[in-house]
Amino acid sequence: MKARYRYRFYPSSQQQHSLAQMFGCVRVVWNDALALCKQSDKKPSSADLQKIVITQAKNTEERAWLGDVSCIPLQQSVADLDAAFKNFFNSCKGKRKGSKVGYPKFKKRTNSQSARFRVGGFSIKGDGVYLAKIRIVNPIRSRKLPSEPSSVTVIKDCANRYFLSFVVEIQPIQTEAKNPSIGIDLGIKTFAVMSNGEKAESPSYKKLDRKVCKLQRKLARQPKDSKRRNVTRMRIAKLHNQIGDSRKDFLHKLSTKVINENQVIVLEDLNVSGLVKNRKLSRAISQQGWYEFRRLCEAKSEKFGREFKVISRWEPTSQICSDCGFKWGKIDLSIRSVLCLSCGTEQDRDENAARNIAQVGMGNRHDFKRAQRDCETTSVARQASASNLQNLDKPL
């Protein structure tokens, strides 16, 4: 299986100039090829695009500076555009699973920049990495590469940070787990509630989020292409990086812990794109990173030989007692604990849902029809309190 290893590096001033020139050439080649595809009735092939926007363009006065950089990232830019069109067409025909893929867009100078080198355009020399026409850069290695990389991508984000991203081949690791299975219920106030009773609180982003909102209002009042606007834009990008880095660190640590301790991991298939349409909760939901956590768990399960399962989003995990299987129906989000009218057990909403997720994922689902009470009762759950425990035997 393939994995990606990413390291940060600090280029010299001369290397920064060479990287900026390379990023500009890659961006121009992408935009020229995309403009040519829009003008044509039929999309040209990748070989024809490379011939027009690279080979023939170098012989013109307007694009003669394309010869100052390596041709490998330029060719990869055209190949990436061809892959983007292929994904777009497959998405339109229904051949590609997941959300719809949009039409390729033009690249901007203010967005993050990237350029990819394949074998022949880079080489590993000791602790450094040689890039064609960039010379040797020294990344800060937090871990060793398990094998020789097949490609390396040079990335510059919006906050002017530089990274090297290597694609390597790794072998799955078979390790023993402490627990047979676990169900995880994802939420906003508490990020993850486990079926074994453990809870994981996500880091708070409120302080940084308030700073971002304040700077966004300031950015909207400043004239475009001004120096002060660029300074404000850089400050906003750095704040977004702080939020993203803290979230990524939390998700990696939590997913690693879950994978190391459990053999079977069960999650619920959440309709995140539908949930973010709620204007009151959309910002809080977007900051949690539920899909990213699911992606990390799935990738690490494949790496460590674990079994990863996702149950249907239509399973009524929050409407059923995990002990007896009695279905009490829908309850309001403000109700955090429920008293089961069948077995008399007080259930925490999130812990009950996590246990139901684990039961459905492992195939130990209750027979709801048999578990329903024969006596007359209501299907609407009540909020658990001390008074409810004393009034169980009274008729409703």
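**Exercise 1. Which residue forms a salt bridge with Asp32, and how far apart are the closest N and O atoms?**

Before we start, keep in mind that this is a predicted model.

*Step 1.* Side chains of opposite charge can pair when their charged atoms come close.

*Step 2.* Here the partner is Arg63, and the closest N and O atoms sit 3.0 Å apart. That passes the test, because a salt bridge needs such a nitrogen and oxygen within 4 Å of each other.

*Step 3.* Now place the two residues. Arg63 is in the loop between helix 2 (46-56) and helix 3 (71-93), while Asp32 belongs to helix 1 (residues 13-39), so this pair ties together parts 31 residues apart in sequence.

*Step 4.* Check the surface: Arg63 is partly exposed at 24% relative accessible area, and Asp32 is also partly exposed, with 24%.

**Exercise 2. Work out whether Asp157 and Arg161 are buried or exposed, and find what they link up with.**

*Step 1.* The side chains of Asp157 and Arg161 meet in a salt bridge, 2.7 Å from N to O.

*Step 2.* Asp157 has a relative accessible area of 11%, so Asp157 is buried. Arg161, with 16%, is buried too. The cut-off for buried is under 20%.

*Step 3.* Add Asp245, and you have a network of salt bridges linking Asp157, Arg161 and Asp245.

**Exercise 3. Describe the salt bridge between Asp350 and Arg336.**

*Step 1.* Their closest N and O atoms are 3.1 Å apart.

*Step 2.* Asp350 lies in helix 9 (residues 349-362) and Arg336 in the loop between strand 13 (307-311) and strand 14 (337-339), so the bridge ties together parts 14 residues apart in sequence.

*Step 3.* Asp350 is buried at 17%, whereas Arg336 is partly exposed at 38%.

**Exercise 4. Find the helix that gives the most to the positive surface patch.**

*Step 1.* List the members: Lys214, Arg217, Lys218, Arg221, Arg228 and Arg235.

*Step 2.* Helix 4 (206-221) and helix 5 each supply at least two of these residues, but helix 4 gives the most, with four.

*Step 3.* Take Arg221 as a sample: it's in helix 4, and its relative accessible area of 64% makes it exposed.

**Exercise 5. Trace the surroundings of Asn260.**

*Step 1.* Find Asn260 in helix 5 (residues 227-261); it's partly exposed, at 37%.

*Step 2.* Leaving out residues up to four places away in sequence, Asn260 touches Glu176, Ala177 and Arg306.

*Step 3.* Look at Thr175 as well: it is 85 residues from Asn260 along the chain, yet their C-alpha atoms are separated by 8.1 Å.

Terms used: Residues numbered from 1 in each chain as written. Predicted model: local features only at pLDDT ≥ 70, side-chain atom pairs only at ≥ 80, totals over all residues. Heavy atoms only, no water. Contact = heavy atoms within 4.5 Å. Patch = residues over 30% accessible without salt bridge, like charges linked within 9 Å, V, L, I, M, F, W, Y side chains within 5 Å. Areas by Shrake-Rupley, 256 points an atom, 1.4 Å probe, with all protein chains shown as cover. Lys, Arg positive; Asp, Glu negative; His and termini not counted. Charge placed at Lys NZ, Arg CZ, Asp CG, Glu CD. Helix = DSSP H or I, 4+ residues; strand = E, 2+ residues; numbered from the N terminus. Buried < 20%, exposed > 50% of the residue type's maximum accessible area, 1.4 Å probe, protein only.
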